[in-house]
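User: Please take a close look at the pockets of this model, and then follow the chain elements around them as far as the computed geometry allows. I would like one connected account, with the criteria behind each term stated.

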Amino acid sequence: MKAVRTIKYVTRQTGLSPHVIRVWEKRYGAVQPVRASNNRRLYTEEDVERLRLLKEASDAGHSIGQIANATLPELQRLLREVGVAPTGGRSQQAEERQARAAAMIENAMALIGEMNGRALRKLLERAAVELGSPAVLQKFIAPLTERVGEVWREGDFTIAHEHFATACITEFLATFARPYAENVQAPHLVLATPPGQLHELGAIIVAAAARSHGWRTTYLGAALPVEELAGALRNLRPRAVGLSIVYPPDDTALRRDLKNLRALLPAGCAFLLGGRSAGGYAEVARSLDAIMV
């Protein structure tokens, strides 16, 4: 008879919470535990290994909805392909991917300096192919946008350079990880930047990342008035709304807008705040029960 384990044991071995394990079981059929006489779930060691590998693949950026029914060998192969050893360690392939990403970032910075849109768009497409869907956002796009912002603040890039880079990356991300057939049952995330926040690329990156994890996303644009955002949320009824805050890091008017928006959110809608300057609003976020990303 195969050894059976309680959900407490599974959480300890995999790092997954009981809630996530139940969701992966019920919604995605990732495992099929048996029931004890007292109706408690019991898992085999194979179930535990499946859940551990699924967590590692999910942490690497893969949507659980796409990998939940993969076999153990398929999951192990998938982790090797994204540079994660089955034990959770970094492989030589991961180091090589990191080095390629760094080289492509330097190449992209040079192309932005030249405002060579055609070459930059080709580089973005090549990065997606070479690095893969999860890694291209984390290892290439996000670090690249940070570098552009730093160089702009240092005065080596003009506002035109920053706008040029934003336009090219936004065009690329518009179709990134977009499913052929959208799942209308998937959780819905609405993104925007609040009044006074004109830097929108962070929100666009998050929208692309959410799509790669199986979410439906709606991006409503930059510097959106609170009343307009609240009206859209009443129609869209999303699971969560996320705001990107980049600059300035301390704006009294924005603190007031965040409080007003919280009061207007639909019931059950999670409130997410992120971005380079979001930490400056941590105190008001706590008072509003907002989630800092």
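Analyst: What follows begins with the two pockets and then moves to the elements around them.

This is a predicted model, in which local features need pLDDT of at least 70 and side-chain atom pairs count only at pLDDT 80 or more, while totals for chains, interfaces and linings use all residues. Residues are numbered from 1 along each chain as its sequence is written, and side-chain values use heavy atoms, with hydrogens and water left out.

The largest pocket holds about 1500 Å³ of space. Here a pocket is an open set of points on a 1 Å grid over the protein atoms alone, where a 1.4 Å probe fits and protein lies on both sides within 12 Å along at least five of seven lines; lining residues have an atom within 4 Å of a point. Points are joined across faces, edges and corners, and the volume is the space filled by probe spheres set on them. The lining of the largest pocket comprises 47 residues, and those nearest its centre are S63, A210, H213, G214 and W215. At least two lining residues come from each of helix 2 (18-28), helix 3 (45-59), helix 4 (64-67), helix 8 (133-153), helix 10 (201-212) and strand 7 (270-274), where helices (H or I, at least four residues) and strands (E, at least two) are DSSP runs numbered from the N terminus. By class, this lining has 25 nonpolar, 14 polar and eight charged residues; Ala, Val, Leu, Ile, Met, Phe, Trp, Tyr, Cys and Pro count as nonpolar, Asp, Glu, Lys and Arg as charged, and the others, Gly among them, as polar.

The second largest pocket has a volume of about 1100 Å³, and L201, G202, S244, V246 and R276 are nearest its centre among 37 lining residues. Helix 8, helix 9 (159-173), strand 4 (188-192), helix 10, strand 6 (240-244) and strand 7 each give at least two residues to this lining, with helix 8 supplying the largest share, seven residues. The lining of the second largest pocket divides into 19 nonpolar, 13 polar and five charged residues.

Helix 2 and helix 3, which each supply residues to the lining of the largest pocket, also belong to the surroundings of helix 1, whose buried residues pack against strand 1 (4-5), helix 2, strand 3 (41-44) and helix 3. Those buried residues of helix 1 (residues 7-14) are I7, Y9, V10, T11 and T14, where buried means under 20% relative accessible area, exposed over 50% and partly exposed in between (1.4 Å probe, protein chains only). Just after helix 1, G15 has a positive phi of about 85°.

Within helix 3, E49 and R52 are three residues apart, about one turn of the helix, and their side chains meet in a salt bridge (2.7 Å, N to O); the term requires a side-chain nitrogen of Lys or Arg within 4 Å of a carboxyl oxygen of Asp or Glu. E49 counts as partly exposed because its relative accessibility is 25%, and R52 is likewise partly exposed at 22%. E56 joins E49 and R52 in a network of salt bridges.

Helix 9, one of the elements that line the second largest pocket, holds E171, whose side chain meets that of R121 in a salt bridge (3.9 Å, N to O). This pair links distant parts of the chain, R121 being in helix 7 (residues 117-131) and 50 residues from E171.

Strand 6 and strand 7 both contribute to the second largest pocket, and the segments between them have their own features. P248, in the loop between strand 6 and helix 12, follows Y247 through a cis peptide bond with omega near 5°. Helix 12 (residues 252-264) contains D257, which is buried yet has no salt bridge, the nearest side chain of opposite charge being R256 at 4.8 Å; Lys and Arg count as positive and Asp and Glu as negative, without His and the chain ends. Not counting residues up to four places away in sequence, D257 touches P195 and V226, a contact being heavy atoms within 4.5 Å.

C269 lies in the loop between helix 12 and strand 7 and counts as buried because its relative accessible area is 5%. With residues up to four places away in sequence left out, C269 touches P238, R239, A240, V241 and R262.
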